[in-house]
Amino acid sequence: MMLIEKIRIVGLKWFNKSNIEDIKITIDELFQIIIGSNGAGKSSLIDKCLPCVGAHSDFKEVGLLHYHIKHHGHSYELISEIKGKSTRHTFKRDDEVLNDA
């Protein structure tokens with residue numbers, strides 16, 4: 001089973017209304033409850049809980065999407081860094097970089 005342990009999101013455009021710039025989530029239970037008023041960004045957060053690379057268009061000028069995942073005894077990190085028109089994706093398994101970024 002794949003378990004997302006941590007998520008960090010910085011500069012997500014969808015959180016503008018909520019005035020959230022940087023969000024860090026540590027998941028230490030199998031089930032999580034997300035509570036908030038309409039327009040607070042609950043659905044946007046759920047959308048970003050899928051471990052995939054960040055789309056440049058979802059972020060402000062500078063953004064970050066960083067997942068920490070456990071799967072079959074290994075630790076994985078998926079990192080998307082957005083700076084201006086440039087996007088860099090890094091994939092790690094047990095702290096070893098798997099791509100040339």
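Tutor: A residue counts as buried when its relative accessible area is under 20%. Keep that cut-off in mind. This is a predicted model, and every value below is computed from it.

Student: Let me try it. Is I7 buried or exposed?

Tutor: The relative accessible area of I7 is 3%. The cut-off is under 20%, so I7 is buried. I7 is part of strand 1.

Student: How do I read the sheet around it? In what order do the strands lie?

Tutor: Read a sheet from one side to the other. Here the order is 2-1-3-4-5-6. Six strands make up this open sheet, and their pairing is antiparallel.

Student: Which strands are the edge strands?

Tutor: Look for strands that pair on one side only. Those are strand 2 (22-26) and strand 6 (96-97).

Student: Now the pairings. How many bridges link strand 1 and strand 3?

Tutor: Eight bridges do. Strand 1 covers residues 3-12, strand 3 covers residues 59-71, and the two pair in the antiparallel sense. You can follow this through the bridge partners. L12 is partnered by F59 in strand 3. I7 has Y67 of strand 3 as its bridge partner.

Student: And what joins strand 3 to strand 4?

Tutor: 10 bridges, again with the strands antiparallel. Strand 4 spans residues 74-83. H71 sits opposite H74 of strand 4.

Student: What is special about H72 in that hairpin?

Tutor: Check the backbone angle. H72 has a positive phi near 50°. The hairpin of strand 3 and strand 4 has two residues between the strands.

Student: What should I know about side chains in a strand?

Tutor: In a regular strand, side chains alternate between the two faces of the sheet. Now take one residue as a case: H66, in strand 3.

Student: Is H66 buried or exposed?

Tutor: H66 has 16% relative accessibility, so H66 counts as buried.

Student: Which side chains does the side chain of H66 meet in polar contacts?

Tutor: There are two to look at. One contact is with the side chain of H68, at 3.4 Å. Another is with the side chain of E77, at 2.6 Å.

Student: Which residues touch H66 once its neighbours within four places in sequence are left aside?

Tutor: They are K6, I7, R8, E77, L78 and I79. I7 appears again. Residues far along the chain can be checked by their C-alpha atoms. I7 and H66 are 59 residues apart along the chain, yet their C-alpha atoms are separated by 5.6 Å.

Student: On to pockets. How much space lies in the largest pocket?

Tutor: About 400 Å³. The lining comes next. It has 17 residues, and the closest to the centre of the pocket are I4, I27, E29, L30 and Q32.

Student: Which elements give two or more residues to that lining?

Tutor: Strand 1 and helix 1 (42-47). Strand 1 supplies the largest share, four residues.

Student: How does the lining of the largest pocket divide by residue type?

Tutor: 13 residues are nonpolar, one is polar and three are charged.

Student: Where does I4 lie?

Tutor: I4 lies in strand 1. Apply the cut-off once more: I4 has a relative accessible area of 17%, so I4 is buried.

Student: What separation do the C-alpha atoms of I4 and D28 have?

Tutor: They are separated by 9.0 Å. Along the chain, I4 and D28 are 24 residues apart.

Definitions and conventions:
Residues numbered from 1 in each chain as written. Predicted model: local features only at pLDDT ≥ 70, side-chain atom pairs only at ≥ 80, totals over all residues. Heavy atoms only, no water. Pairing = 2+ DSSP bridges. 1 Å grid on protein atoms, 1.4 Å probe; cavity = no way out; pocket = protein on both sides within 12 Å on 5 of 7 lines; lining within 4 Å. Points joined across faces, edges and corners; volume = space filled by probe spheres on them. Nonpolar A, V, L, I, M, F, W, Y, C, P; charged D, E, K, R; others polar. Buried < 20%, exposed > 50% of the residue type's maximum accessible area, 1.4 Å probe, protein only. Polar contact = N/O pair within 3.5 Å; in protein donor to acceptor, adjacent residues only side chain to side chain. Contact = heavy atoms within 4.5 Å.
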